[in-house]
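Reader: Hello! Please pick one part of this model and take me through it closely, in a connected way, including what surrounds it.

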Amino acid sequence: MLRLSAILLFSLAGVFIIDQNIKALFVEGFRYYTDCIDLILVYNKGVAFSMFAFLDEYLKYIQLLLVSGVFAYILYLKKICYALPGGILLGGAFSNIYDRFIHDGVVDMVYWHCGFDFAVFNFADVMIDFAVLWILILNFKPNLCKN
């Protein structure tokens, strides 16, 4: 349990710190423009593609409750193979929730507009997607999780 907790907390802290440092650059004014990707500052009041923005102040508390449940579930599983992807997922999620408390919206900055316009996203979003994919693979291939 100690090993699982250590992996979970260090990966959570790592993603959180990296994401917050990247976001700080954009909040302080960094911008970069190319033909396909712009690095700009956008505050997302909702979740993916600005869904649920109508929940305003309640959204951050709902997310905090849901993410805390995921944290508890990963500890409940007691499987080391879920520690790293779980920590990555939680680090990204807590970083985005932290933004809602500090900036009243999630700090997003990567805007893809090459061939089609895509939602503006951030490092935490990418880490959450990566972790969800990893966890899905572990669920559908249980032989990969040997503890």
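Author: Happily; what follows is a walk through the sheet, and then outward to the helices and loops around it.

This is a predicted model, in which local features need pLDDT of at least 70 and side-chain atom pairs count only at pLDDT 80 or more, while totals for chains, interfaces and linings use all residues. Residues are numbered from 1 along each chain as its sequence is written, and side-chain values use heavy atoms, with hydrogens and water left out.

Let us begin with the sheet itself. It is open, has 3 strands in the order β1-β2-β3, and its pairing is antiparallel (strands, E, of at least two residues, and helices, H or I, of at least four, are DSSP runs numbered from the N terminus; two strands pair if DSSP finds at least two bridges between them). The edges are taken by β1 (32-33) and β3 (106-112); each has a single partner strand, so one side of each is left without a neighbour in the sheet.

Now follow the pairings across. β1 and β2 are joined in the antiparallel sense by 2 bridges, and Tyr32 faces Leu39 of β2. These two strands make a hairpin, with 3 residues between them. On to the next pair: strand β2 (residues 37-44) is tied to β3 by 6 bridges, and the two run antiparallel. You can trace this register with your finger: Ile37 stands opposite Trp112 in β3, Val42 stands opposite Asp108, and Asp38 has Tyr111 of β3 as its bridge partner. Onto this sheet packs α3, touching β2 and β3, and the direction of α3 makes about 115 degrees with that of β3 (contact means heavy atoms within 4.5 Å; axes are lines fitted to C-alpha atoms, for helices over the stretch in contact, and angles run from 0 to 180 degrees between N-to-C directions). Although β3 is an edge strand, 5 of its 7 residues are buried, so β3 is largely enclosed by the rest of the structure (buried means under 20% relative accessible area, exposed over 50%, partly exposed in between, with a 1.4 Å probe and protein chains only).

With α3 in view, it is worth pausing at two of its residues. Asp99 is found in this helix, and at 0% relative accessibility it counts as buried. Leaving out residues up to four places away in sequence, Asp99 touches Gln20, Lys23, Asp104, Gly105, Val106 and Val107. Ile97 lies in α3 too and counts as buried, at 3% relative accessibility. Neighbours within four places in sequence aside, Ile97 is in contact with Lys60, Gln63, Leu64 and Val67. Of these, Val67 is 30 residues from Ile97 in sequence and 9.3 Å away in space, C-alpha to C-alpha.

The loops on either side of α3 each hold a backbone detail you may like. Lys78, in the loop between α2 (58-77) and α3, has a positive phi of about 55 degrees although it is not a glycine. The relative accessible area of Lys78 is 59%, so it is exposed. Asp104 sits in the loop between α3 and β3, and it has a positive phi of about 60 degrees, again without being a glycine.

From α3 we can step across to α4. Helix α4 (residues 123-140) has 18 residues and spans 26 Å from first C-alpha to last, close to the 26 Å expected at 1.5 Å a residue (the expected span is 1.5 Å times one less than the number of residues). At the start of α4, a side-chain oxygen of Asn122 comes within 2.9 Å of the backbone nitrogen of Ala124. Ala124, Met127, Ala131, Ile135 and Leu138 are the buried residues of α4. Looking down the axis of α4, they fall within an arc of 70 degrees, so they line one face of the helix (the arc is that of the directions from the helix axis to the C-beta atoms). They pack against α1 (2-27) and α3 (83-103), whereas Asp129, Leu133 and Phe140 are exposed on the other side of α4.

Finally, Lys146 is found in the segment after α4 and, at 74% relative accessibility, counts as exposed. Lys146 is 52 residues from Phe94 in sequence and 28 Å from it in space, C-alpha to C-alpha.

Definitions and conventions:
A polar contact is a pair of N or O atoms within 3.5 Å; within protein, one must be able to donate a hydrogen and the other to accept it, and residues adjacent in sequence count only if both atoms are side-chain atoms.
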